[in-house]
Amino acid sequence: MPGNFPNWPYPNLIAHRGAGRHAPENTLAAIRLGALHGFTMMEFDVKLSRDEVPILLHDDTIDRTSNGSGAASQLSLKDLADRDFGAWHSAAYAGEPIATLYAVACYGLANGLHANIEIKPGAGQDAHTGRLVAGRASELWRHAGLPPLLSSFSEIALDAARAAAPDLPRALLIDGAVPNDWRARLDTLACQGIHIDQRHAHPDLIADILAAGRTLAVWTVNDPARAQELLQAGCHAVFTDEITRITPAAMRPPN
Ligand code: G3P
Ligand code: MG
């Protein structure tokens, strides 16, 4: 919402996939670990189960991050509850259940954590997922001090999210080089911000985005010096997997 949400009210460090390198990505265990390391905002990926429950999962299928297989869109929440989403990472996390948006909202709200919900639709489910996830987020966070920030690579999902929950802030995620028409895309979607790949976060582009009054967050930054450089350049936030080396305590505030 350019104009209505001009500043970045969130922390400048965001744990990526919950804090999903040192714990299994997109689980409550990962979010808890991020919080233990001082992170107060987490990004996580959300899509729908077959019975339309918003769940945390990066890939279309559960193959990589569980002991099961198949597309999440073909599995019910009951099917997913019978799978282990932690043992693939390490024995310490064996038995970790699938995380639902409901569970992470409960944990985040009870512990003062902010959320970046990346809407990550299964194949062909962009509008439906955008609408349902944004609607549910708006309901779950209705009493929160700060709303969850929605983002997506899918412009269709973001458009549907806007229609379902116009008051939630939104950011467009860009995969690869940032297209020259980024301003027009943000305007069309009424997105306040843009989240870009750190490999394409060049100083001129950063300056242009900031001069346009948009919020800018950069993913995924795992080198402490690069994180510091991006924050000093004025980026509002960086996403990181490196929750032990890039910590709120270790980063100098931007000038
Ligand atoms: O939201 C930033 C980042 O998570 C985008 O990439 O593939 O890790 O979801 P990915
Ligand atoms: Mg993500």
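The space taken by ligand 1 is the largest pocket of the predicted model, a pocket being, on a 1 Å grid over the protein atoms alone, an open set of points where a 1.4 Å probe fits, with protein on both sides within 12 Å along at least five of seven lines. In this predicted model, local features need pLDDT of at least 70 and side-chain atom pairs count only at pLDDT 80 or more, whereas totals for chains, interfaces and linings use all residues. Residues are numbered from 1 along each chain as its sequence is written, chains are lettered from A and ligands numbered from 1 in the order in which they are written, and side-chain values use heavy atoms, with hydrogens and water left out.

Ligand 1 is surrounded by H16, R17, E43, D45, H58, E118, K120, F153, L173 and W219, each with a heavy atom within 4 Å of the ligand. This shell divides into 3 nonpolar, 2 polar and 5 charged residues, where Asp, Glu, Lys and Arg count as charged. Polar contacts (pairs of N or O atoms within 3.5 Å) link oxygen atoms of ligand 1 to the side chain of K120 at 2.6 Å, to that of E118 at 2.8 Å and to that of R17 at 2.9 Å. Taken alone, ligand 1 exposes 290 Å², of which the protein buries 93%, as computed by the Shrake-Rupley method with a 1.4 Å probe.

E118, one of the residues around ligand 1, is also a donor of the magnesium ion, ligand 2, together with E43 and D45, and these protein donors lie 2.0 to 2.1 Å from the ion. Donors here are N, O and S atoms within 2.8 Å of the metal (3.2 Å for Na, K and Ca), and the site may look incomplete because water is not among the atoms. Along the chain, the donors follow the spacing E-x1-D-x72-E. Because E43 lies in strand β2 (residues 41–48) and E118 in strand β4 (residues 114–119), the pair ties together parts that are 75 residues apart in sequence; strands are DSSP runs of E of at least two residues, and helices runs of H or I of at least four.

R17, which contacts ligand 1 through a polar side-chain atom, is found in the loop between β1 (13–15) and α1 (28–36), and its phi is near 55°, a positive value in a residue other than glycine. A19 has its place in the loop between β1 and α1, with a positive phi near 135°.

Methods:
A polar contact is a pair of N or O atoms within 3.5 Å; within protein, one must be able to donate a hydrogen and the other to accept it, and residues adjacent in sequence count only if both atoms are side-chain atoms. On a 1 Å grid over the protein atoms alone, a cavity is a set of points where a 1.4 Å probe fits but cannot get out, and a pocket is an open set with protein on both sides within 12 Å along at least five of seven lines; lining residues have an atom within 4 Å of a point. A molecule sits in a cavity or pocket if more than half of its atoms lie within 2 Å of its grid points.
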